[in-house]
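Hi,

Here is the structure I promised to pass on. Have a look at it first, and then read my notes below.

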Amino acid sequence: MAPPSAPLAEVPSYFLCPISLQLMRDPVTLPTGISYDRAAISRWLASPASSSSRTCPVTRQPLEPELQLTPNDTLRRLIGSWIATLSPGSGVDDEEVAALRPMHRDELASLLSDAASAQVGALRKLGELAAESEHRRAMLESQDGVFDVLSRVLTGASACSTAREEAVGVLASLRIPQQDLVRIVSRHGNLAASLTAVLRSSNLQSRAQAVRLVRALADVAVPAWVIGLEQELLAEVIRVVRDRVSTRATKAALHALSALCPYGRNRVKIVGAGAVPALVELLLDEPERRVCELALAVLDRLCTCAEGRAELVAHAAGVAVVGKKVLRVSEAASERAVRVLRSVVRHAATPAVLQEMAQAGVVGKLCLALRSELCGVKTKEKVHEMLKLHSRVWRTSPCLSPKFLALYPS
């Protein structure tokens, strides 16, 4: 006679995510007081349907644009305790049970030891652990030697390309302290070359993860490393922008370029790698507000050098698309666009450029900005300076309509 099977476990309703109706692996709470699984609510908030009006899926209450998800550690511990009471054959998905069972330090140390020898399976498992929950990611981040192991796999000569890509993925998912980022840079002279190789991969996810790691390094790395970056790496970061790998990757690439721009030599290299046409084409695609602001911020920095200004005015849509963003996206975008135009007007104002600005409606937009409440005082001062500087040309231009001429400063 066969032994009786274990009774099927009924999952408590408050352990289930209201969106996915699955057991929550990483419960987080919204300001409305409702808890969701992090992955499910993140997908909800990132979806086009909710981007225009972000609301709580259960209560339908509006949410702040820059929402922070609060980990619900109490609920996570309750779920973990309940999972620990389950027996085989309980009816709960084995994968869910494995993901929610407590992980011991010796298990993690063994996994890290396997990853140190560039075992793809171990590296992939580390990536899965980091993605499973905030708790497991924090546990991995606190493990001794984790950043050193992963950076050695990334830069090691014996690791295969897949192992390097997996190592980059794990590093990009972790919150690496500043001192560890600096240590990674100082210990691995071929770090930039290794990241360039991953950025050239055909794997879009690996490219997105690599550019996020470049951003983190650019924010904190020593100036000597930043200035010494080869144009090949910069070109691959720009290619992530051009290829529209993902919105998140585009933002990371723009942040990285912005962090690399303060050094004059880097600005010239970034321009030489094709950044200006890529940014102009990105702006032409009418990206979301934050992407537009970041693209204009990078253009602003690049246009402080003659090479950047030359590339912008040489692009058929360069000056026009920057002028189009004034008063159209946000106050921050208008400020950056005006700064870009001011660089052009002050240092690259050929007769052809001035005529193009009048014909493309940029001068009219500047006249409107001068009277608009959507522009700050400093931005208006820059606009006034530009209009006064070339008033002889623009006030007599047949392209400037009477309504704009009436707004023109005397």
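The chain's secondary structure adds up to 26 helices and three strands. Bear in mind as you read that this is a predicted model. The C-alpha trace spans about 100 × 55 × 30 Å along its principal axes. Of the chain's 410 residues, 50% count as buried. As for how the chain comes together, take the contacts between residues at least 6 apart in sequence: 66% of them join residues at least 24 apart.

On confidence, the average pLDDT for the chain is 87, and 92% of the residues score at least 70. The stretch to watch is residues 1-6, where pLDDT stays under 50. For that stretch the model has three contacts beyond four places in sequence. Where pLDDT is low, the predicted coordinates should not be read in detail.

Now the rings. A search of the whole structure turns up two aromatic pairs. One is Tyr14 with Phe15, an edge-to-face pair at 4.9 Å centre to centre and 80 degrees between the planes. Are these two residues buried or exposed? Tyr14 is exposed, at a relative accessible area of 56%, whereas Phe15 is buried, at 4%. Phe15 also pairs with Trp82, again edge-to-face, with 5.8 Å between the centres and 65 degrees between the planes. Phe15 sits in the segment before strand E1 (27-29) and Trp82 in helix H3 (residues 73-84), so this pair ties together parts that are 67 residues apart in sequence. Trp82 is buried, as is Phe15. Put together, the ring pairs make a cluster of Tyr14, Phe15 and Trp82.

Another residue from the segment before E1 is worth a look: Asp26. Asp26 has a relative accessible area of 5%, and it counts as buried because the cut-off is under 20%. Leaving out residues up to four places away in sequence, Asp26 touches Tyr36, Asp37, Arg38, Glu132, Ser133 and Glu134. Measure of separation for you: Asp26 and Leu129 are 103 residues apart in sequence, but their C-alpha atoms are 11 Å apart in space.

Asp26 also shows up in the lining of the largest cavity. The structure holds one cavity of 30 Å³ or more, and the largest cavity has about 40 Å³ of space in it. Which residues line it? They are Asp26, Pro27, Pro71, Asn72, Asp73, Arg76, Glu134 and His135. H3 and helix H7 (134-141) are the elements that give two or more residues to this lining. By type, the lining residues divide into four charged, two polar and two nonpolar.

Two helices caught my eye for how covered they are.

Helix H11 (residues 191-199) has seven of its nine residues buried, so "mostly covered" is a fair description, given that buried means under 20% relative accessible area. The buried ones are Leu191, Ala192, Ser194, Leu195, Thr196, Val198 and Leu199. What covers them includes helix H8 (146-155), helix H9 (161-173) and helix H10 (178-187) on the earlier side of the sequence. The covering elements also include helix H12 (204-220), helix H13 (223-227) and helix H14 (231-243).

Helix H23 (residues 362-371) is the other one. Eight of its ten residues are buried, so H23 is largely enclosed by the rest of the structure. Those buried residues are Val362, Val363, Gly364, Lys365, Leu366, Cys367, Ala369 and Leu370; note that a lysine, Lys365, is among them. They pack against helix H20 (318-324), helix H21 (331-347), helix H22 (351-359), helix H24 (377-389), helix H25 (391-394) and helix H26 (402-405).

One last residue, back in helix H12: Gln209. Is Gln209 buried or exposed? Gln209 counts as buried, because its relative accessibility is 14% and the cut-off is under 20%. Its contacts, not counting residues up to four places away in sequence, are Glu165, Val168, Gly169 and Ala172.

Best wishes

Definitions and conventions. Residues are numbered from 1 along each chain as its sequence is written. This is a predicted model: local features need pLDDT of at least 70, side-chain atom pairs count only at pLDDT 80 or more; totals for chains, interfaces and linings use all residues. Side-chain values use heavy atoms; hydrogens and water are left out. Buried means under 20% relative accessible area, exposed over 50%, partly exposed in between (1.4 Å probe, protein chains only). Helices (H or I, at least four residues) and strands (E, at least two) are DSSP runs, numbered from the N terminus. Contact means heavy atoms within 4.5 Å. Rings of Phe, Tyr and Trp (its six-membered ring) pair if their centres lie within 6.5 Å; planes under 30 degrees apart count as stacked, over 60 as edge-to-face and the rest as tilted. pLDDT is the predictor's confidence in each residue, from 0 to 100. On a 1 Å grid over the protein atoms alone, a cavity is a set of points where a 1.4 Å probe fits but cannot get out, and a pocket is an open set with protein on both sides within 12 Å along at least five of seven lines; lining residues have an atom within 4 Å of a point. Grid points are joined across faces, edges and corners, and a volume is the space filled by probe spheres set on the points. Ala, Val, Leu, Ile, Met, Phe, Trp, Tyr, Cys and Pro count as nonpolar, Asp, Glu, Lys and Arg as charged, and the others, Gly among them, as polar.
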